[in-house]
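Trainee: Could you take me through one part of this model closely, namely the open sheet and what surrounds it? I would like a connected account rather than a list.

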Amino acid sequence: MIDTERNTPMRAAMTRIRLKGAVVAAASVAMAVVLTACGGDDGKDNQPEGGEKQPNASASQQSSSPGTQKSPDTSEVIASVKGPGEIDLVINSAERDAGGFVTVKGSVTNGSEQQFTAVGWQGAEEEMVGNGASVAGASLVDQTGKKRYLTLRDTDGRCLCTQFTTGIAPGATTPFFVQFPAPPAGTSDVDFQLPTMPSATIKISG
């Protein structure tokens with residue numbers, strides 16, 4: 001007991017030292033946590049709110065100029081004709097655009113065993129010379145208004161239409177588009193005409 005009583009003050013002192021050390025250690029850990037939390041925000045203030053990237057302006061802008069067209073939607077067929085040499089022409093759409101023109105889209109299938117070079121399809125107009133294998137000679141005919149609309153072309157005479165650079169291989173199907181000045185808003189039924197091919201009556205949408 002004597003030893004115990006004699007050692008009580010020493011044990012109390014040791015206990016106080018241990019408690020003081022624990023408090024200091026806890027304070028150090030808390031300070032480290034605070035510093036870490038503050039440091040985690042470095043660089044974030046300069047980023048856009050929400051962390052989202054800004055869209056690329058050039059990618060989001062869509063060209064409205066004639067000639068920039070996607071492949072035709074083949075889910076609907078508004079006309080189809082068969083010409084000499086096992087050539088099949090299918091028209092999928094004829095849409096009136098806000099720019100004041102009509103875009104006709106479809107496909108050409110070469111059912112023959114020879115390369116199809118669209119001879120005569122480029123048209124006989126002087127401005128069409130140099131368009132090669134293409135549908136540059138196509139036209140829209142408004143029978144009611146008695147007016148023919150020729151393929152649009154640029155200042156160099158190039159048609160705003162598909163050009164079959166190397167022709168169409170045997171058994172192949174190639175999409176095409178061709179653009180014309182738009183008939184009056186009240187005109188919807190027109191004839192699509194292409195040299196060497198039968199005429200096809202189509203309905204303009206839009």
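Mentor: What follows is a walk through the open sheet, then a loop residue, the core and the disulfide. Please keep in mind throughout that this is a predicted model.

The open sheet is formed by 4 strands in the order β5-β4-β7-β8, and their pairing is antiparallel. At its edges stand β5, which covers residues 147-150, and β8, and each of these has a single partner strand, so one side of each is left without a neighbour in the sheet. From one strand to the next, the twist averages 30°. If you look at the β5 end of the sheet, you will find that β4, made of residues 139-142, runs antiparallel to β5 and is joined to it by 4 bridges. One residue pair to pick out on your display is S139 with L150, where L150 in β5 is the bridge partner of S139.

From the strands we can turn to a loop residue, T187, which lies in the loop between β6 and β7. T187 counts as buried because its relative accessibility is 13%, and the cut-off for that class is under 20%. When its neighbours within four places in sequence are left aside, T187 is in contact with R96, D142 and I204. Of these contacts, D142 falls at the end of the range 139-142 that β4 covers, which brings the loop back to the sheet just described.

Two strands of the sheet, β7 and β8, also appear in the account of the nonpolar core. The largest such core has 32 residues, and V104, W121, F176 and F192 are those with the most contacts inside it. At least two residues of this core are supplied by each of β1 (79-83), β2 (87-96), β3 (101-110), β6 (173-181), β7 (189-193) and β8 (200-203). The largest share, 4 residues, comes from β2.

Finally, there is the disulfide, which as a bench biochemist you may wish to locate on the display. In general terms, a disulfide is a covalent bond between the sulfur atoms of two cysteines. The count here comes to 1 disulfide, and this disulfide joins C159 to C161, with an S to S distance of 1.9 Å. The torsion about the S-S bond of C159 and C161 is about -70°, so the disulfide is left-handed. With 7% relative accessibility, C159 counts as buried, and C161, at 9% relative accessibility, counts as buried too.

Definitions and conventions: Residues are numbered from 1 along each chain as its sequence is written. This is a predicted model: local features need pLDDT of at least 70, side-chain atom pairs count only at pLDDT 80 or more; totals for chains, interfaces and linings use all residues. Side-chain values use heavy atoms; hydrogens and water are left out. A nonpolar core is a set of buried Ala, Val, Leu, Ile, Met, Phe, Trp, Tyr and Cys residues joined through side-chain atoms within 4.5 Å. Buried means under 20% relative accessible area, exposed over 50%, partly exposed in between (1.4 Å probe, protein chains only). A disulfide is a pair of cysteine sulfur atoms within 2.5 Å. Two strands pair if DSSP finds at least two bridges between them. Axes are lines fitted to C-alpha atoms, for helices over the stretch in contact, and angles run from 0 to 180 degrees between N-to-C directions. Contact means heavy atoms within 4.5 Å.
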